[in-house]
Amino acid sequence: MFQTEFEFTLPVGYVDSSGTLHRTGVMRLCTALDELEAMHDPRAKRNVQYVSVVLLSRVIERLGELTEVTPEVVERLFSADFTYLQHLFVRLNDATPPVVETQCPRCGTRFSLDFRGAESASEVT
């Protein structure tokens, strides 16, 4: 079955208004609607960098005991956690796998290595 949700653990954790620490969560894959609505958010129109905040609030399904992650919650994340979630978002939603082209030192055959874990070593023409 195709996986659309991924568990994560924040490096520091979100501390809510009552002092409860939330470190584990679930992020789902981003949809076109998520991106469109994030771009149309009034805060993102005023500051394009705010798109990341809105997008993360849309794709984080759960953060600790919180089942609704709003942009205001994302705004209050520690910097290390915000950066971690941005990297996770890119890793999960990037359509182009990180591929390195290399060459065998013995036979000279050129091939690509896919570092996402897929078993893909295909010859380069």
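In which helix does Val90 lie? I looked this up at the start, and Val90 turned out to lie in helix H5. I note here that the model I am reading is a predicted one.

**Entry 1, Val90.** I asked next how accessible the residue is, and I found Val90 to be partly exposed, with a relative accessible area of 49%. I then followed Val90 to a residue elsewhere in the sequence, and I found that its C-alpha atom is separated by 9.9 Å from that of Leu29, although the two residues are 61 apart along the chain.

**Entry 2, the chain as a whole.** I counted 5 helices and 5 strands in the chain, and reading along the sequence I wrote down the pattern β-β-α-α-α-β-α-α-β-β. Of the 125 residues in the chain, I noted that 31% are buried. I also looked at contacts between residues at least 6 apart in sequence, and 44% of these join residues at least 24 apart.

**Entry 3, Phe8.** Is Phe8 buried or exposed? I placed Phe8 in strand S1, which covers residues 5-15, and with a relative accessibility of 3% it counts as buried. Leaving aside the neighbours within four places in sequence, I listed the contacts of Phe8 as Arg23, Thr24, Gly25, Val26, Met27, Ile60, Arg62, Leu63, Tyr84, Leu85 and Leu88. For one of these partners, Leu88, I also looked up the C-alpha separation from Phe8, which is 8.7 Å for two residues 80 apart along the chain.

**Entry 4, H3 against H5.** I turned to helix H5, residues 79-93, and found that it packs with H3 at an angle of about 75°, the axes being 11 Å apart. The two helices, H3 and H5, are therefore roughly perpendicular to each other. On the H3 side I recorded Ser52, Val53, Leu55, Leu56 and Val59 as making the contact, and on the H5 side Phe82, Leu85, Gln86 and Phe89. Sorted by class, the contact of H3 with H5 has 7 nonpolar residues, 2 polar ones and no charged ones.

**Entry 5, H1 against H3.** How do the axes of H1 and H3 cross? I found that the axes of helix H1 (residues 32-40) and helix H3 (residues 51-59) come within 9 Å and cross at roughly 140°, which makes H1 oblique to H3. I noted the crossing of H1 past H3 as right-handed. The residues that make this contact are Leu33, Asp34, Glu35, Glu37, Ala38 and Met39 of H1, together with Val51, Val54, Leu55, Arg58 and Val59 of H3. By class, the residues of the contact of H1 with H3 divide into 7 nonpolar, no polar and 4 charged.

**Entry 6, cysteines.** How many disulfides does the count come to? I obtained a count of 0 disulfides, and I wanted to see why for Cys107. The closest cysteine sulfur to that of Cys107 is in Cys104, at 3.7 Å, which is too far for a bond, because the cut-off for a disulfide is a pair of cysteine sulfur atoms within 2.5 Å. I also compared accessibilities, and Cys107 counts as exposed at 54% relative accessibility, whereas Cys30 is buried, with a relative accessible area of 17%.

Conventions: Residues numbered from 1 in each chain as written. Predicted model: local features only at pLDDT ≥ 70, side-chain atom pairs only at ≥ 80, totals over all residues. Heavy atoms only, no water. Buried < 20%, exposed > 50% of the residue type's maximum accessible area, 1.4 Å probe, protein only. Axes fitted to C-alpha atoms, helices over the stretch in contact; angles between N-to-C directions. Parallel < 35°, antiparallel > 145°, perpendicular 65-115°, else oblique. Left-handed = near helix turned anticlockwise from the far one by under 90°. Contact = heavy atoms within 4.5 Å. Nonpolar A, V, L, I, M, F, W, Y, C, P; charged D, E, K, R; others polar.
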